[in-house]
Amino acid sequence: MDSVNENCAAEVSALLAPLPIFQEQEYFKELIANRRCNGIEVKHNSTNGKGVYANSEFQEDELILKDQILVGIQHSSNKVDCLVCSFCFRFIGSIEKQIGRKLYFKNLGVSSCCDGVSSESEDDNKCMKYNGNEEQCGGSSSNHNSLPQEVVSSLMNNEIALPFTDKFPLPSPLWCPGGCQEVFYCSESCAKADWESSHSLLCTGEKSESRSREALGEFIEHVNDTNDIFLLAAKAIAFTILRYRKLKADHVNEKAKQTEPKQSLLLEAWKPISIGYKRRWWDCIALPDDVDPSGEGAFRMQIKSLASTSLEHLKKAIFDKECEALFSLEIYGNIIGMFELNNLDLVVASPVEDYFLYINDLPDAEKEEAMEITKPILDALDDEYSDFCEGTAFFPLQSCMNHSCCPNAKAFKRDEDRDGQAVISALRRISKNEEVTISYIDEELPYKERQASLADYGFTCNCPKCLQDSSSVA
Ligand SMILES: [Zn+2]
Ligand SMILES: [Zn+2]
Ligand SMILES: [Zn+2]
């Protein structure tokens, strides 16, 4: 029973209707101006829908766009590997703390393992299990080189300093101002921005603005047992509710204005998300290899019912009558589907890797001295020192970039790009009015494998390389 749908079916369909093109154009114009990436524009074409086009010429390696995250999460399985700011995903703490935490969780036998419903790719959406029983998780092995627990604790608590870590300073972690002790930030401004964007509704701490912290806890528990894509969907809903409340407050303050119906404010609040969704999750999720095609219908029903359970938990936690339409299963399915279908990897390189590379490149005498201290740590880490921060995020402009197997641009972080923003640079010269394309997949794969991977994104590629390959295959 989707009772929300019955109450506000009209509102739900208004939210799901495509944005009028002129409104969409206006939205992107503003976004591009805010991002100060005036070399591009978002345009519609009849075959591919939205696309990003060059407004001016770009040279090889030139920066095209830095796109900020609208909503994003670090994968729960990645949290044991990297301590990052919950808003900008920059590494925080210190090199010692990053290493100490990782060894601490390693000694506890925490590992990422897959159960429940996982989605398309291997690394995504794994659940995290805290348990001492390593046999349960195939991936972990007992660690013969472990450091004494005291050393690990001292590292974690910044009580010992490793050589040369002063060359790699990281911001001190700030606790969540809501008191949840579950998320950390690199700065006051990130803490504030996250609170205002979505965390005030999703915080389990005492200052939480959710309806029920207990229900929120249950929602999060369900996320951890199933799929962290639900947390991202919850962030998108919380983001829209908070935006709605802010628009409403601004509107009330401007008393001179005539009162508009509440639906238009909700539509306005929803606009940043509305540009992203395409299809419902249970319709678009790729059938896992271990599901027989004859079981497809049952599989999709199961996915839908999983989303429905998650939504019930979320409703108890943050329901807002004025934004009731956001809590329909139809909307929830479309939001999750948008994270499933867009190219949304969030990756931030680890400063711990840079640190060990730096030690390795020291002049011999210094290196030898430093290695006396760092070698046992490297051994204890089993060489797992280069783990990136990994997650999923929605980048409003990057998500408009169409795929090509011979792209002219790519998402590539430079040395100075130390947070979760998407950085897109030109792979070759791009001329004015040319479409900017990136590759969603490994474009070196053979034709058939490329098309199979792209089918998960819901389209057939007709790029020049594919057209050529298809004629030679046929
Ligand atoms: Zn931050
Ligand atoms: Zn919090
Ligand atoms: Zn192609």
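Helix H12 is mostly covered in this predicted model, with 12 of its 13 residues buried. The buried positions begin at Leu329 and continue with Ile331, Tyr332, Gly333, Asn334, Ile335, Ile336, Gly337, Met338, Phe339, Glu340 and Leu341, a list in which nonpolar residues stand beside Asn334 and Glu340. The length of the helix can be checked as well: H12 runs over residues 329–341, and because each residue should add 1.5 Å, its 13 residues should span 18 Å, which agrees with the 18 Å between its end C-alpha atoms.

From H12 the reader can move to the interior around it. The largest nonpolar core holds 97 residues, and those that touch the most other members are Val84, Cys85, Ala233, Ala234, Ala238 and Ile335. The element that gives the most to this core is helix H8, residues 229–253, which supplies 13 residues. One of the contacts made by Ala233 is with Ile335, and the others are with Tyr332 and Ile336, when residues up to four places away in sequence are not counted. Tyr332, Ile335 and Ile336 are also among the buried residues of H12. Apart from this core lies another one, of 13 residues, which includes Val152, Leu155, Ile359 and Leu381.

The strands offer a second way into the structure. Three of them form an open sheet in the order E3-E13-E12, with antiparallel pairing. Strand E3 (63–67) and strand E12 (409–411) stand at the edges of this sheet, and since each has a single partner strand, one side of each is left without a neighbour there. From one strand to the next, the twist averages 15°. The pairing of E3 with strand E13, residues 422–426, is antiparallel and rests on four bridges, and within this pair Asp67 stands opposite Ala422 of E13. As a general point about such elements, the side chains of a regular strand alternate between the two faces of the sheet.

Another set of pairings involves strand E14, residues 435–438, which is joined to strand E2, residues 49–54, by two bridges in an antiparallel arrangement. Here Val52 stands opposite Val436 in E14. Strand E11, residues 402–403, is also joined to E14 by two bridges, but these two strands run parallel. In that pairing, Asn402 has Thr437 of E14 as its bridge partner. Strand E14 thus has an antiparallel pairing with E2 and a parallel one with E11.

Methods: Residues numbered from 1 in each chain as written. Chains lettered and ligands numbered in written order. Predicted model: local features only at pLDDT ≥ 70, side-chain atom pairs only at ≥ 80, totals over all residues. Pairing = 2+ DSSP bridges. Axes fitted to C-alpha atoms, helices over the stretch in contact; angles between N-to-C directions. Core = buried A, V, L, I, M, F, W, Y, C linked by C-beta atoms within 7 Å. Buried ≥ 20, exposed ≤ 12 C-beta atoms within 10 Å, placed from the backbone. Contact = placed C-beta atoms within 7 Å. Expected span 1.5 Å × (residues − 1).
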